[in-house]
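Here are a few exercises to work through with the model open on your screen. Try each task before you read its solution.

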Amino acid sequence: MIPAQEKEALSVVLEEFGYSPKNCSVMPLGNGLINSTYLVKVNNESFVLQHLNKHVFKSPEQVTNNADYISQHLKAKHDKNQYALQPIWQHQTKSMQNHVNINGEYWRSLHCIENCYTIETIENNEQAKLVANAFAQFTSALTDFDSKLLVDIIPDFHNLSARLTQFESALKQASVERQQQAASIIGYIQSQQEFCTEVNNLNSVLPLRVTHNDTKINNLLFSHSNHKPKAVIDLDTCMAGYLMHDFGDMIRSCCSSIAEDSAEIASMSINFNTLTALTEAYLDGFSETLSEIEQHSLITGVKLMPFMLSIRFLTDFLNGDQYFKTQYPEHNLVRAKNQMQLYKLFCKHHKQLAEIILRKPALNAIA
Ligand code: GN1
Ligand code: MG
């Protein structure tokens, strides 16, 4: 269901992009937790309209400017056969803008890649290899992109220290009821000082890249015709970051046996077959160009991404659910517990994880 207020705005936005609303059919698209996204069909054409969340993206026009720069870079590479995936791009309005501003609400239109689908889970190792190869291609295509062109859309987005500071201040002002509901996970986070130090130490030695920062499995489009990845989508958080963030987020979203908001955490396990296939293809995608320290950091990244996302969900729960879309009052707490369980499992299986990422199979596996 599209809310009435949103419908009204959609009509104005369609006009701005040169369409007559009465000829268009509009339906909600995707499972994003931040923006509201719609698929528009008109005659034989399809495109995407998106209402940007201005509480999350404080300067939405910078999101659309960053996206234009990235698209131009990827398109230039694609045209020279240096990037096999299809770049996505934004449409311009009648007045040649990359967004529409209606009373301070920002909208944009995105090119729709036809005959594609997204997946939420990986079915087999072949698919895992394709997924990792696509995400590796994306990040490696940005290796020669001038990061100075990009605005830091959400400062400190993947900065653990900053996320912990936000968590501590949310904790101070949270209702007693929410603090009590979250007591056990709050205590657990505060016990993870050693891991936080490990992450901080890495921050001073890792090379900064331009990263996607939201490499979850459903940000990849697959082609209906050959079932191969066609495009990496959602360029909203492309900005300076570390490779361990993109690798870790991909593993986080592909290797848990349950969805990221499932409450059934006692049954959660890690799919190590998928994890191995993803890691091999990802490392191959960078074909020996990673330094030892960057390759090693991927082990930390796999733990860091669920740990940090858990803290972000919990912070939002303590703040009264202002950031992520929720469907019920404890939704953010359930997500936080789920992602913390995933972190715990990765820590428990550290040795196996390290062997896979450093490509040093255990002796008994060789024998
Ligand atoms: C948000 O809206 P979506 O699904 O693209 C979030 C990511 C989280 C993700 C968890 C800007 O992404 O960081 O990893 O939810 N995006 C932002 O599902 O905060
Ligand atoms: Mg996103």
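**Exercise 1. Which polar contacts reach the oxygen atoms of ligand 1, and how much of the ligand does the protein bury?**

Solution. Start with Asp 234: an N or O atom in its side chain sits 3.0 Å from an oxygen atom of ligand 1. Keep in mind that this is a predicted model. Next, look at Ile 34, where the partner is a backbone N or O atom, 3.2 Å from a ligand oxygen. Then turn to Glu 260, which places a polar side-chain atom 2.6 Å from an oxygen atom of ligand 1. Finally, take the area: ligand 1 on its own exposes 450 Å², and the protein buries 94% of that.

**Exercise 2. Describe the shell around ligand 1, and explain where the ligand lies relative to the two domains.**

Solution. Begin with the neighbours: there are 15 residues around ligand 1, and those that come nearest are Asp 214, Lys 216, Glu 260, Arg 312 and Tyr 323. Now sort the shell by character, which gives 7 nonpolar, 2 polar and 6 charged residues. Last, ask which domains contribute. Domain 1 (4-112) and domain 2 (125-364) both give residues to this shell, so ligand 1 lies between them.

**Exercise 3. Find the residues that coordinate the magnesium ion (ligand 2), and place them along the chain.**

Solution. The ion is coordinated by Asp 214 and Asp 234, through OD atoms at 2.0 Å. These two residues are 20 apart and link distant parts of the chain. Asp 214 belongs to the loop between strand 7 (209-211) and strand 8 (220-223), while Asp 234 belongs to the loop between strand 9 (229-232) and strand 10 (239-241). To finish, check the surroundings of Asp 214: because its relative accessible area is 19%, and buried means under 20%, Asp 214 counts as buried.

**Exercise 4. Is Thr 215 buried or exposed, and what does its side chain reach?**

Solution. First locate Thr 215, which is in the loop between strand 7 and strand 8. Its relative accessible area is 1%, so Thr 215 is buried. Its side chain reaches the backbone nitrogen of Met 250 at 3.5 Å.

**Exercise 5. Asn 115 and Asn 213 each have a positive phi. Work out where each one sits and whether it is buried or exposed.**

Solution. A word of background: most residues other than glycine have a negative phi. For Asn 115, phi is about 55°, and the residue is placed in the loop between strand 5 (105-111) and strand 6 (116-117). With a relative accessible area of 57%, Asn 115 is exposed. For Asn 213, phi is about 70°, and the residue is found in the loop between strand 7 and strand 8. At 5% relative accessibility, Asn 213 counts as buried.

**Exercise 6. Place Lys 75 and Lys 230 in their elements, then give the C-alpha separation for each listed pair.**

Solution. Lys 75 is in helix 2 (residues 60-79) and is partly exposed, with a relative accessible area of 41%. From Lys 75 to Ala 136 is 61 residues in sequence and 17 Å in space, C-alpha to C-alpha. Lys 230 lies in strand 9 and is partly exposed at a relative accessible area of 30%. Its C-alpha atom is separated by 17 Å from that of Ile 70, with the two positions 160 residues apart along the chain.

Conventions:
Residues are numbered from 1 along each chain as its sequence is written. Chains are lettered from A and ligands numbered from 1 in the order in which they are written. This is a predicted model: local features need pLDDT of at least 70, side-chain atom pairs count only at pLDDT 80 or more; totals for chains, interfaces and linings use all residues. Side-chain values use heavy atoms; hydrogens and water are left out. Donors are N, O and S atoms within 2.8 Å of the metal (3.2 Å for Na, K and Ca); water is not among the atoms, so sites may look incomplete. Helices (H or I, at least four residues) and strands (E, at least two) are DSSP runs, numbered from the N terminus. Buried means under 20% relative accessible area, exposed over 50%, partly exposed in between (1.4 Å probe, protein chains only). A residue is near a molecule or strand if one of its heavy atoms lies within 4 Å of it. A polar contact is a pair of N or O atoms within 3.5 Å; within protein, one must be able to donate a hydrogen and the other to accept it, and residues adjacent in sequence count only if both atoms are side-chain atoms. Accessible areas come from the Shrake-Rupley method with a 1.4 Å probe; for residues, only the protein chains shown count as cover. Ala, Val, Leu, Ile, Met, Phe, Trp, Tyr, Cys and Pro count as nonpolar, Asp, Glu, Lys and Arg as charged, and the others, Gly among them, as polar. Domain bounds come from an automatic or database domain assignment.
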